[in-house]
Amino acid sequence: MKTKSLHILTCLLLMLLTGCRNEEPVGESQPEERMVNVSLGITTRADDVNTSDIPDVLYLWIFDGDDDSCLSFTQLDNPQFSGVDIQGNPVQTVDVQLLTTNGTQLKFYVVLNNVTDEDGSPVQFDASTSLASLENLQFTLDTYGSDNKVPMSGTADLTIESTSNDYLVEVPAERAVAKLELFVTKNTPGSNLQITGITLSNNPETGILFSKEDFTPQIDGESSVSLIDNGIEINASLNEADAPGSDDLHLFEGDGSKLQKITLTNPYLLENPWGDEDIHLDDGSTSIMDSRYYITLNYTLGGSPVSKKIYLTKIERNTLNKVFIRIKETVFDIEVSCVVTDWEDIEHEVQLSDKGTFEIGIPNIRQFQWDSKNYVATQYGEGAGAADRYATLTLRMTIPKGVKWQAHLDNPDFEFVGESDGVGVGENPQTPEEGVVTLRIRPVHTYTENERRTANLFVTLGTKPNEHALFITDADQQQKLCSDNGTEIRIIQVSSAEGDQIWTANP
């Protein structure tokens, strides 16, 4: 009896177990959770990041792309941004471990520095901050200690895959505001020019922290903001012989005797979508009726008071907006122009120019005469000692500061060798160790008997690749460098025997 009862219980148990297994359809098992490592590189475009001028705080959220829930939150006070990426941008690394599943979509949101909300109160960021609130967060303009203290934001996405447990993610952060720089000059050095007031009108009430195409700010059209505290005497002067038109004014940025930079009480701007790509001076016939920014410039020239209204371009986030003003002897004669660049290109912006002041060194320049003309000699060679017979000179542009220049060879049978690719940027004349570019020029091929290969070395400034800049102004240097007009240097390939005569017999 006991044996029979045990057999029945065993059969019932097997039936129950079989039924449990059949209740779970094949393929509907829950995804397996696993730990993944995410190393984030938070990159900024902030210039000159150092220990005394860094963002105050970094906030990082990681959201689940399916339900927007917050999977991780990190607050890092006084981030150091001690690393750099391949483009030289400062990087702050953050390492995070997440328990997640294959196929999960992750959304990364970063905020640098604190912001104030629409009521002027500090925004409290923490793990409870939702994705929707970040995407729609509006903030008010504040006064910031430096360019690296302004609000910045950035986003990135990542999909977790079954093939990896380790991920590298770059989150580029850009400034959520723009910057205004103002330069003023007069036409003649003897005139008495005093700036008595500068105000900015049509200021947006708020900006949006994360870029959003459909965001339209409310404009405060009733009040103006003063951009200077006190009157300013203008001592800089720039005549029409040096800068014929308003579009030439920016070429002299960095020369304080030509253009005077105005210190503004708050140089930062919220985005304002109204406006076009150009700046406009209200001469009485302007019919601008939209809500674009405008500056009211009040000044006296020879004691006579004048007021001018200048409409700015459309203002976008993370842009540097430079306004150049020249006030002429006639009180109602004023010229304005502007240059708008990405904010990160402050020191390396490409400007239109055909003028520049260069310092030239000639560490290895030897002349060779051919066809009744003098050329700078260079000899093909590789390995140790070969560079001793490469034509070599150094160039450094001092004016205009911040403008890119580039050296060119008009024959592909010659090339620049070494670390330099022939590109430089105008540097401050008080720092002579900076901005020097060494040009080493060699032939690409071995010397061919009875075939003379020649080239011209020339320099362009800014974005005028077909205009040869005047970069050799000294007559003696023009002669030493085999240049007829200061815009080109003649280069010639010599044979080994000719090289021996040039560099050995006549050291």
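# Exercises on a predicted chain

The chain has four helices and 31 strands, where helices (H or I, at least four residues) and strands (E, at least two) are DSSP runs numbered from the N terminus. This is a predicted model, in which local features need pLDDT of at least 70 and side-chain atom pairs count only at pLDDT 80 or more, while totals for chains, interfaces and linings use all residues. Residues are numbered from 1 along each chain as its sequence is written, and side-chain values use heavy atoms, with hydrogens and water left out.

## Exercise 1: the whole chain

Work out what percentage of the 507 residues is buried, and what share of the contacts is between residues 24 or more positions apart.

Solution. Start from the definition: a residue is buried under 20% relative accessible area, exposed over 50%, and partly exposed in between (1.4 Å probe, protein chains only). By this rule, 46% of the 507 residues in the chain are buried. Next, take contact to mean heavy atoms within 4.5 Å; of the contacts in the chain with a separation of 6 or more, 73% are between residues 24 or more positions apart.

## Exercise 2: an aromatic pair

Find how Phe-183 and Phe-324 are arranged, and explain which parts of the chain they tie together.

Solution. Rings of Phe, Tyr and Trp (its six-membered ring) pair if their centres lie within 6.5 Å, and planes under 30 degrees apart count as stacked, over 60 as edge-to-face and the rest as tilted. The structure holds 13 aromatic pairs, and one of them joins Phe-183 and Phe-324, with 5.0 Å from centre to centre and 15° between the planes, which is a stacked arrangement. Because Phe-183 lies in strand E10 (residues 178-186) and Phe-324 in strand E20 (residues 319-327), the pair ties together parts that are 141 residues apart in sequence. Finally, Phe-183 and Phe-324 are both buried. Elsewhere, ring pairs link Tyr-59, Trp-61, Phe-73 and Phe-125 into a cluster.

## Exercise 3: two threonines

Decide whether Thr-116 is buried or exposed, and do the same for Thr-263.

Solution. Thr-116 is found in the loop between strand E6 (105-112) and helix H2 (131-135), and its relative accessible area is 14%, so Thr-116 is buried. Its side chain joins that of Thr-140 in a polar contact of 2.7 Å (a pair of N or O atoms within 3.5 Å; within protein, one must be able to donate a hydrogen and the other to accept it, and residues adjacent in sequence count only if both atoms are side-chain atoms). Leaving aside residues up to four places away in sequence, the residues that Thr-116 touches include Pro-122, Val-123 and Phe-139.

Thr-263, by contrast, is placed in the loop between strand E15 (260-262) and strand E16 (268-269), and because its relative accessible area is 68%, Thr-263 is exposed. With residues up to four places away again not counted, Thr-263 touches Leu-227 and Ile-228.

## Exercise 4: positive phi

Identify where Asp-68 and Asn-78 are found, and state what phi each one has.

Solution. Most residues other than glycine have a negative phi. Asp-68, although not a glycine, has a positive phi of about 60°, and Asp-68 is found in the loop between strand E2 (57-64) and strand E3 (70-77). Asn-78 has a positive phi near 50° and is found in the loop between E3 and strand E4 (83-84). At 36% relative accessibility, Asp-68 counts as partly exposed, and Asn-78, with 47%, is partly exposed as well.
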